[in-house]
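Work through the exercises below with the model in view. Try each task before you read its solution.

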Amino acid sequence: MIIFILIAVLLIVVDQLVKGWIVANIALGTSMPIIKNVFSLTYFQNTGAAWSMLEGQMSFFALVTTVAVGACSYLLYKNRNGAKLYSLGLSLVLAGALGNFIDRMRLGYVVDMFQTDFVSFPIFNVADSCLVVGVILIFIYILFEERFKGAKA
């Protein structure tokens, strides 16, 4: 279980370092192309969720984060000798929830920076990526739970 907590802590640190670098090196609202017409770094301040939904609802986000962190922590502990894929998914969700929560409490908004230029998609960050990948891993585990229980994968 310790390894999954360390993974979550490492990802929170990476998230905060990337956000700090963006704030220090890219002006708000401007972009730096990384791969022309594919991917850019764009400094954006998001007071909501994806597509700025629920903008300014800090108490709602605080409640959801508290519930998510509590649930993930409990499930991670409960699964301490179980499927590693499930534990990894939980640790990624934990890291993503806490990474964005730190921004919301400290700044009043979330720093986003990754922009896809080839398709209209919300600008996102490391914490958002952790959340999405973590939820996908949890769904994969749930779909194939019987196989993972037998293999302790």
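Start with one cysteine: Cys-72 has a relative accessibility of 8% and counts as buried. Buried means under 20% relative accessible area, exposed over 50%, and partly exposed in between, with a 1.4 Å probe and protein chains only.

Two notes before the tasks. The model is predicted: local features need pLDDT of at least 70, side-chain atom pairs count only at pLDDT 80 or more, and totals for chains, interfaces and linings use all residues. Residues are numbered from 1 along each chain as its sequence is written, and side-chain values use heavy atoms, with hydrogens and water left out.

**Exercise 1. Cysteines**

Task: Find how many disulfides the count comes to.

Solution:
- Recall the bond. A disulfide is a covalent bond between the sulfur atoms of two cysteines.
- Set the cut-off. The pair of cysteine sulfur atoms must lie within 2.5 Å.
- Check Cys-72. The closest cysteine sulfur is in Cys-130, 12 Å away, so it is too far for a bond.
- Conclude. The count comes to zero disulfides.

Task: Describe where Cys-130 lies and which residues it touches.

Solution:
- Locate it. Cys-130 lies in helix α4, residues 126-143. Helices here are DSSP runs (H or I, at least four residues; strands are E, at least two), numbered from the N terminus.
- Check its cover. Cys-130 is buried, at 7% relative accessible area.
- List its contacts. Leaving out residues up to four places away in sequence, Cys-130 touches Leu-11, Leu-92, Val-93 and Gly-96. Contact means heavy atoms within 4.5 Å.
- Add one distance. Phe-101 is 29 residues from Cys-130 along the chain, and their C-alpha atoms are separated by 13 Å.

**Exercise 2. Salt bridges**

Task: Identify the residues that salt bridges join into one network.

Solution:
- Set the rule. A side-chain nitrogen of Lys or Arg must be within 4 Å of a carboxyl oxygen of Asp or Glu.
- Count. The rule gives two salt bridges.
- Take one pair. Lys-19 bridges to Asp-15, with the closest N and O atoms 2.8 Å apart. These two are separated by about one helical turn, because they sit four residues apart in helix α1.
- Take the other pair. Lys-19 also meets Asp-103, at 3.0 Å from N to O. This pair links distant parts of the chain: Lys-19 is in helix α1, Asp-103 is in helix α3, and their positions lie 84 residues apart.
- Check burial. Lys-19 is buried at 2% relative accessible area, and Asp-103 is buried at 0%.
- Join the pairs. Shared partners put Asp-15, Lys-19 and Asp-103 into one network.

**Exercise 3. Helix α3**

Task: Compare the reach of helix α3 with the expected span.

Solution:
- Count residues. Helix α3 covers residues 84-107, which is 24 residues.
- Apply the formula. The expected span is 1.5 Å times one less than the number of residues.
- Compare. The helix reaches 34 Å from its first C-alpha to its last, close to the 34 Å expected.
- Look past the end. Gly-108 follows α3, and its phi is positive, near 90°.
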